[in-house]
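Thanks for making the time; I would like to talk through the aromatic side chains in this structure, and then turn to the charges that sit over rings. Please have the sequence and the model open while I speak.

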Amino acid sequence: MDYLFQNPTFTMACQQFDAAAEILELSVSDAERVKWPKRLVTVTVPVTMKDGSVRVFTGHRVQHNITLGPTKGGLRFSNTVDLGEVAALAMWMSWKCALVGLPYGGAKGGVECDPPTLAPCELEGLARRFMAEMIPYVGPNIDVMAPDMGTNEQVMAWMMDVYSHHAGYSVPSIVTGKPVVIGGSLGRSQSTGKGVAFLCNRALDKIGAEQNPRVIVQGYGNVGSNAAWSMARFGAKIVGVSDHTGGYYNPEGLNILELDAHVNEHQTLAGFGGGEAMSNEELLIQECDALIPAAAERVITADIARNLKCRVLAEGANGPTTFEADAIIEERGDIFLVPDILCNSGGVIVSYFEWIQGEQQLFWQEAEVFDKLYRILAKSFDQVVKYSQSRQISHRMAAMCLGVKKVTEAKEIRGLFP
C-alpha cells in the first residue's frame, strides 16, 4: 500500500511505527491493521478567482483510524501538500491522541495552494468549497477538523458555516480552533505553544538546568511565538528565533518585545536588528539549554543532530527530526528529547475541550482550560519518562509504543468486522 504515499515524511512515520511495533512484538497481522489509514479522500476544489476565472485546486483528507472515536486533525493550506505528507501527519495524530488519552483517531487534511498569493475572497472560496466537498466524510462524531499551517480561526468559521447550512442548524463541534464568539474555546490559539513551553520546562527541571535557561525557537509562527513568550514568562532567556526568512541569535538574549513589535509590523523576522543574522540551519546548532523546532518536518537531519548544542530538544513541530537523526541523538545520550507526539499535543487536547464544550453548549473559563491541559500533559510526560526507563528505550519510542499499544489493544478488543 505504501506506493500510494511517495513522500519522505510518510517513510519516516512508517520507520518510527515499525520500530515501535518491533519493541511491542506486534504480530504482522496486528501491525498491518494498525499501521495503514482507514480512509483516503482526494477531491478537486474549483474556486472562482478574483479576476473571474476558475482555478481547480487539489485537496486531501486522510482518516487514519476510528477505533477509539471520531478522527481529529488539522487542515493545512500549503504549496507542499501531498497525500503522503497528509497520511504521515494523520498517523502521528493517532498515536498522539492515544498517548494523551483522547477518544479520537488521527486525521489530517491539506489543500495544495499558496495562501499568501490568494485574495481574501479566494481564500474564503477555497475553504468553503473544500468543506462542501468533505461533507459526506465529516461530522462531529465522524471527523473534526482544526487549523494548521496556512489556515486559522477564520477559515474554521467559514467551514463551520458551510456545514451548518447543510445541516440546517448551527453545528459548532464540526470544527475546532474557531473564534470564541461562535463556540471556540478560550485558550485554543495559544494551547500548542504554551503546552510546548510547559513540557520544555518539565524537561529542564528533570535535567537540573539552572534558572534563566537559554532557549532557541526555530519557527516563529503561532506555535513558536507562543512557546517563546511562555518560556520568557517562566524566566527563560530567548537567545535565538527564526522564520522562513532566516534566523537571529544573540547569546545575551533577544528583546522579545522588540521582536514581537517587528513581526507585527513587517509580518516576518526579516530585517530584525536585535541579533546576528543566520540561516535556519545555522540557528539549530547554536549553543542553548533548550531547542524548540516549531516549523516544518525533517529539519533536524543527521548532520545537524551531530552538531546540536542543546540539552533539551522539545519538538513543537510534527516530525522535525529524521529517523537517522533520532539514532544519533539516542547514541549521544546527552540530549533530553520531548518527542513531537507528546510535546505539541496541547493543541489537540484543547481542541478536544472545545469539542466537548460545543457538544454540551457549556463553556469554560480560560484558567479551567489550562489547568486541565497542564494536568494531562504532566501525567503523559511522567508516563513517557517512566516507560522509557523501564524498557530502556528512547523517549520517542516510549511515546510511540504507548500510543500504538493503546490503539492495538482497542482493535483487538473490538475485533475484526467480517
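Let me begin with a question: is F17 buried or exposed? This is a predicted model, and in it F17 has a relative accessibility of 0%, so F17 counts as buried, given that the cut-off for buried is under 20%. W95 is likewise buried, with a relative accessible area of 0%.

These two residues belong to a wider set, since the count of aromatic pairs in the model comes to eleven. F17 and W95 form one of these pairs, with 5.6 Å from centre to centre and 20° between the planes, and the pair is classed as stacked. F17 lies in helix α1, residues 8-24, while W95 lies in helix α3, residues 83-99, so the pair ties together parts of the chain that are 78 residues apart in sequence.

Now to another pair, F353 and W364, whose ring centres are 5.2 Å apart and whose planes meet at 50°, so this pair is tilted. F353 is in helix α13, residues 346-360, and W364 is in the loop between α13 and α14, the latter being residues 366-391; the two residues are eleven apart, and the pair links distant parts of the chain. Both F353 and W364 are buried, and ring pairs join them with Y104, Y352 and W355 into a cluster.

Finally, the charges. K372 lies over the face of W364, at 5.2 Å from the ring centre, and elsewhere the charged end of K194 sits over the ring of F370, 4.5 Å from its centre.

Technical notes. Residues are numbered from 1 along each chain as its sequence is written. This is a predicted model: local features need pLDDT of at least 70, side-chain atom pairs count only at pLDDT 80 or more; totals for chains, interfaces and linings use all residues. Side-chain values use heavy atoms; hydrogens and water are left out. Rings of Phe, Tyr and Trp (its six-membered ring) pair if their centres lie within 6.5 Å; planes under 30 degrees apart count as stacked, over 60 as edge-to-face and the rest as tilted. Helices (H or I, at least four residues) and strands (E, at least two) are DSSP runs, numbered from the N terminus. Buried means under 20% relative accessible area, exposed over 50%, partly exposed in between (1.4 Å probe, protein chains only). A charge sits over a ring if NZ of Lys or CZ of Arg is within 6 Å of the ring centre and within 35 degrees of the ring normal.
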